[in-house]
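I opened this model to look up its metal site, its ligand shell and a few backbone details. My notes follow the order in which I checked them.

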Amino acid sequence: MADSRDEPLVLGIETSCDETGVGVVRGTTLLADAVASSVDEHARFGGVVPEVASRAHLEAMVPTIDRALKEAGVSARDLDGIAVTAGPGLAGALLVGVSAAKAYAYALGKPLYGVNHLASHICVDQLEHGALPEPTMALLVSGGHSSLLLSTDITSDVRPLGATIDDAAGEAFDKIARVLNLGFPGGPVIDRYAREGDPNAIAFPRGLTGPRDAAYDFSFSGLKTAVARWIEAKRAAGEEVPVRDVSASFQEAVVDVLTRKAVRACKDEGVDHLMIGGGVAANSRLRALAQERCEAAGIRLRVPRPKLCTDNGAMVAALGAEMVARNRAASDWDLSADSSLPVTEPHVPGQGHPHGHDHVHEVSKENLYS
Ligand code: KG4
Ligand code: ZN
């Protein structure tokens, strides 16, 4: 290790969607979390445009890495590894991050760790609340995913119990916000309006909660349609749409189902720790209701602060540091971005090469200095 405290110093790069995130961590300590977002460039399209995102990543990459290293007060030479989101995510956007990580790792002679975006969303909580309990139940809710995952070791064992069968929770927030003309991304605005609305004003449907429905799967497309129809009917009748009440009632339907199923999964599996991650975990009502229901069920709830819930580089660095600490195999130089990397693969280990520094030094010396 480069540091006497014996904890791995890792830089993490995240480019799976529209944020260029670069974080630096030492073990489970957050040193820097630099984010450049292209969200404003997508706002007028009402969603992320992959080509726009890729170009923005390319422009932001080097300055964001420099900013993160400066903020952390460390030199790139002292790093014990470079971690990068290998997937899942937008192919072109991921490619920018993976290429940058390879270039830096190769030039610096550091091991490269291609890691899973979803496992990173879980692992980031170590920066907030210390080592993850094993096992941990994770409710992962973002713009692209809604899943219940059970992990006994975040570097090697993530088991999916259930997932959305249609829209992701964040996607539902974004779509309803669009119908209400509230802009993009929709989650934060709906969260704000909902605070002044009545969550019981309108009884919107709770998807997949019938006795014969899959216990841990989610469905938000029926809810989305119901809310959109309700709004259309109001408009057709020439009535004003009560944005605050619609926001609160819609949000309540989403978080009611999410928390109910997460608590049930914990009880069924005998797991007493629930972590909630992903962009939607920034939702204030989700945090409050999860706290209430976990307390009632004797479950310890762990939710990182909102800035660590949305996409960021620190989460990638956190998982990378855990890979180094647990001596997991580094990735090969031909690591590729995998837009549909399965959640069951927390990282992309190399094929049969010895782990870490020796291998990397060997290759880099050969190619850089000979
Ligand atoms: O994890 P994330 O930053 O990116 C993905 O990997 O998707 O999540 C982004 C999603 C967006 O759909 C956004 O609307 C939602 O998270 N989100 C929220 C809140 N903040 C962000 N949803 C509900 N309430 C919030 N406060
Ligand atoms: Zn994410």
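The entries below concern a predicted model, and I start with the metal.

**Entry 1: zinc site**

I looked up which atoms coordinate the zinc ion (ligand 2). The donors are NE2 of His-117, NE2 of His-121 and an OD atom of Asp-311, at 2.1 to 2.2 Å. I wrote the spacing of these donors along the chain as H-x3-H-x189-D.

Next I asked how far apart His-117 and His-121 are in helix α4. They are 4 residues apart in α4, which spans residues 117-123, so about one helical turn separates them. I also checked whether His-117 and His-121 are buried or exposed. Both histidines are buried. The cut-off for that label is under 20% relative accessible area.

**Entry 2: ligand 1 and its contacts**

I then listed the surroundings of ligand 1 and found 20 residues around it. The closest are Gly-143, Asp-174, Asp-191, Gly-279 and Asn-283.

For polar contacts I went through the side chains one at a time. Asp-191 has a side-chain N or O atom 2.9 Å from a nitrogen atom of ligand 1. Asn-283 places a polar side-chain atom 3.0 Å from a nitrogen atom of the ligand. With Asp-311, the ligand atom is an oxygen, and it is 3.0 Å from an N or O atom of the side chain. I note that Asp-311 is also a donor to the zinc ion, and that Asp-191 and Asn-283 are among the closest residues to ligand 1.

I looked up how much of ligand 1 the protein covers. On its own, ligand 1 has 550 Å² of accessible area, and the protein covers 89% of it. The space that ligand 1 takes up is the largest pocket.

Which elements give two or more residues to the shell around ligand 1? They are α4, α6 (169-179) and α7 (186-194). The largest share comes from α7, with 4 residues. Helix α4 is also where I had placed His-117 and His-121.

**Entry 3: cis peptide bonds**

I checked omega before two prolines. The bond from Glu-134 to Pro-135 is cis, with omega near 5°. Pro-135 sits in the loop that joins α5 (125-129) and β6 (136-141). The bond from Phe-184 to Pro-185 is cis as well, with omega near -5°. I located Pro-185 in the loop between α6 and α7, and both of those helices contribute to the shell of ligand 1.

**Entry 4: positive phi**

I looked for positive phi in residues other than glycine. Asn-181 has phi near 60°, and it belongs to the loop between α6 and α7. Its relative accessibility is 63%, so I put Asn-181 down as exposed.

Leu-208 has a positive phi of about 55° and is not a glycine either. I found Leu-208 in the loop between α7 and α8 (221-236). Is Leu-208 exposed or partly exposed? Its relative accessibility is 21%, so Leu-208 counts as partly exposed.

**Entry 5: Glu-240**

My last look-up was Glu-240, in the loop between α8 and α9 (243-269). Glu-240 is exposed because its relative accessible area is 74%, and the label requires over 50%. I also took the C-alpha to C-alpha distance from Glu-240 to Arg-285, which is 25 Å for a sequence separation of 45 residues.

How values were computed. Residues numbered from 1 in each chain as written. Chains lettered and ligands numbered in written order. Predicted model: local features only at pLDDT ≥ 70, side-chain atom pairs only at ≥ 80, totals over all residues. Heavy atoms only, no water. Donors = N, O, S within 2.8 Å, 3.2 Å for Na, K, Ca; no water. Buried < 20%, exposed > 50% of the residue type's maximum accessible area, 1.4 Å probe, protein only. Near = heavy atom within 4 Å. Polar contact = N/O pair within 3.5 Å; in protein donor to acceptor, adjacent residues only side chain to side chain. Areas by Shrake-Rupley, 256 points an atom, 1.4 Å probe, with all protein chains shown as cover. 1 Å grid on protein atoms, 1.4 Å probe; cavity = no way out; pocket = protein on both sides within 12 Å on 5 of 7 lines; lining within 4 Å. Sits in = over half its atoms within 2 Å of the grid points.
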